[in-house]
Amino acid sequence: MTSNPKVTLYTYFRSSCSARLRIALALKAIPYTSIPINLLKGEQSSPGNKAVNPSSTVPTLIIETESQTVTITQSLAALEYLEEAFPGQGTPLLPPSSDPQARALVRTLSAIIACDVQPVTNLRILKRVARFGVDRAAWSKGLIEDGFAAYEAIVARSAGAFSVGDSISIADVCLIPAVWGAERAAVDLARYPTIKRIAAALEKEPAVREGHWTTQGDTPDEFRTWSSLLEE
């Protein structure tokens with residue numbers, strides 16, 4: 001990877017998938033340009049966004065060098081790419097290759113959030129289930145609780161300071177935006193003591209504060225007041 005790639009992130013301030021990449025880019029010390037896509041206004045389905053992301057979603061990570069342009073439209077793939085394309089830069093996002101068991105554990109935890117929780121509680125799905133009279137809040141809360149119960153059962157055995165030992169990993173990068181979503185859904189985090197402890201540790205990390213949904217360029221002013229609490 002060239003030392004000065006041009007990095008662009010199509011993002012939305014409250015998108016948990018976008019937050020994963022904002023946090024990871026900060027951890028890897030990779031400067032980037034944000035292009036906000038307002039999901040509530042339907043900008044994800046605009047011709048401009050669809051041209052770079054055929055799924056009509058966010059995030060999209062674009063890395064341009066003199067020789068190539070890499071476009072990644074799925075957050076887990078983008079997280080792994082950042083680790084592989086920028087080895088030795090910033091914070092490692094995976095345990096060392098000499099520990100395949102720990103790497104598999106990180107990927108398992110990441111998938112619980114990215115596959116079992118987020119897709120079924122995102123805005124697109126909530127809009128669809130609402131057509132059938134489903135209580136959107138109860139739907140989200142129940143599914144988040146199911147996913148967190150699975151995550152808790154695993155990290156109760158694997159956690160140190162963070163989800164897998166004492167180093168931040170892709171699992172943590174996926175977990176903390178999910179915790180923010182769980183708080184909005186009125187999930188009682190006390191039921192998941194290990195997750196709650198890990199989240200408290202992550203909230204103190206500068207990269208997590210940088211990626212928080214209250215601190216983004218497209219965050220509406222009425223939501224920015226909470227960000228001051230992060231500095232206390």
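This briefing covers the fold, the sheet, an aromatic cluster and some backbone details of one chain. The model is predicted. The chain has nine helices and four strands. Its radius of gyration is 17 Å, close to the 17 Å that the globule rule gives for 232 residues, so the chain is as compact as a globular protein of that length.

**Overall fold**

- In sequence order, the elements follow the pattern β-α-β-α-β-β-α-α-α-α-α-α-α.
- Along the principal axes, the C-alpha atoms fill a box of roughly 50 × 45 × 35 Å.
- Of the 232 residues in the chain, 47% are buried.
- Contacts between residues at least 6 apart in sequence were sorted by separation, and 61% of them join residues at least 24 apart.
- The exposed area of the chain is about 11300 Å². Carbon and sulfur atoms supply 53% of that area.

**Strand β1 and its partners**

- Strand β1 spans residues 6-11. Five of its six residues are buried, so β1 is largely enclosed by the rest of the structure.
- β1 pairs with strand β2 (residues 33-36) in the parallel sense, over four bridges. In this pairing, Thr-11 stands opposite Pro-36.
- β1 also pairs with β3, here in the antiparallel sense, through five bridges. Tyr-10 stands opposite Thr-60 of β3.
- Thr-8 is a residue of β1. Its relative accessible area is 7%, under the 20% limit, so Thr-8 counts as buried.
- Neighbours within four places in sequence aside, Thr-8 contacts Thr-33, Ile-35, Thr-60, Leu-61, Ile-62 and Glu-64.

**The β3-β4 hairpin**

- Strand β3 (residues 60-64) runs antiparallel to β4, and four bridges join them.
- A hairpin of four residues links β3 to β4.
- Ile-62 stands opposite Thr-71 in β4.
- In a regular strand, side chains alternate between the two faces of the sheet.
- Strand β4 (residues 69-72) shows this alternation. Val-70 and Ile-72 point to one face and are buried. Thr-69 and Thr-71 point to the other face and are not buried.

**Aromatic cluster and Arg-14**

- The structure holds five aromatic pairs. One of them joins Phe-13 and Trp-213, with the ring centres 6.4 Å apart and the planes at 45 degrees. This pair is tilted.
- Phe-13 lies in the loop between β1 (6-11) and α1 (16-27), and Trp-213 in the segment after α9 (206-211), so the pair ties together parts that are 200 residues apart in sequence.
- Both partners are buried: Phe-13 has a relative accessible area of 5%, and Trp-213 has 14%.
- Phe-13 and Trp-213 belong to one aromatic cluster with Tyr-12 and Phe-223.
- Arg-14 sits over two of the cluster's rings. Its charged end is 4.2 Å from the ring centre of Trp-213. For Phe-223, Arg-14 lies over the face at 4.5 Å from the ring centre.

**Backbone details in the loops**

- The peptide bond from Val-58 to Pro-59 is cis, with omega near 5 degrees. Pro-59 lies in the loop between α2 (47-52) and β3.
- Ser-56 is found in the loop between α2 and β3. Its phi is positive, about 60 degrees, although Ser-56 is not a glycine. With 14% relative accessibility, Ser-56 is buried.
- Ala-186 also has a positive phi, near 65 degrees, and is a residue other than glycine. Its place is the loop between α7 (170-184) and α8 (193-203). Ala-186 is exposed, at 54% relative accessibility.

Definitions and conventions:
Residues numbered from 1 in each chain as written. Predicted model: local features only at pLDDT ≥ 70, side-chain atom pairs only at ≥ 80, totals over all residues. Heavy atoms only, no water. Phe/Tyr/Trp six-rings, centres within 6.5 Å; stacked < 30°, edge-to-face > 60°. Helix = DSSP H or I, 4+ residues; strand = E, 2+ residues; numbered from the N terminus. Buried < 20%, exposed > 50% of the residue type's maximum accessible area, 1.4 Å probe, protein only. Lys NZ or Arg CZ within 6 Å of the ring centre and 35° of its normal. Pairing = 2+ DSSP bridges. Rg over C-alpha atoms; globule rule 2.2 N^0.38 Å. Contact = heavy atoms within 4.5 Å. Areas by Shrake-Rupley, 256 points an atom, 1.4 Å probe, with all protein chains shown as cover.
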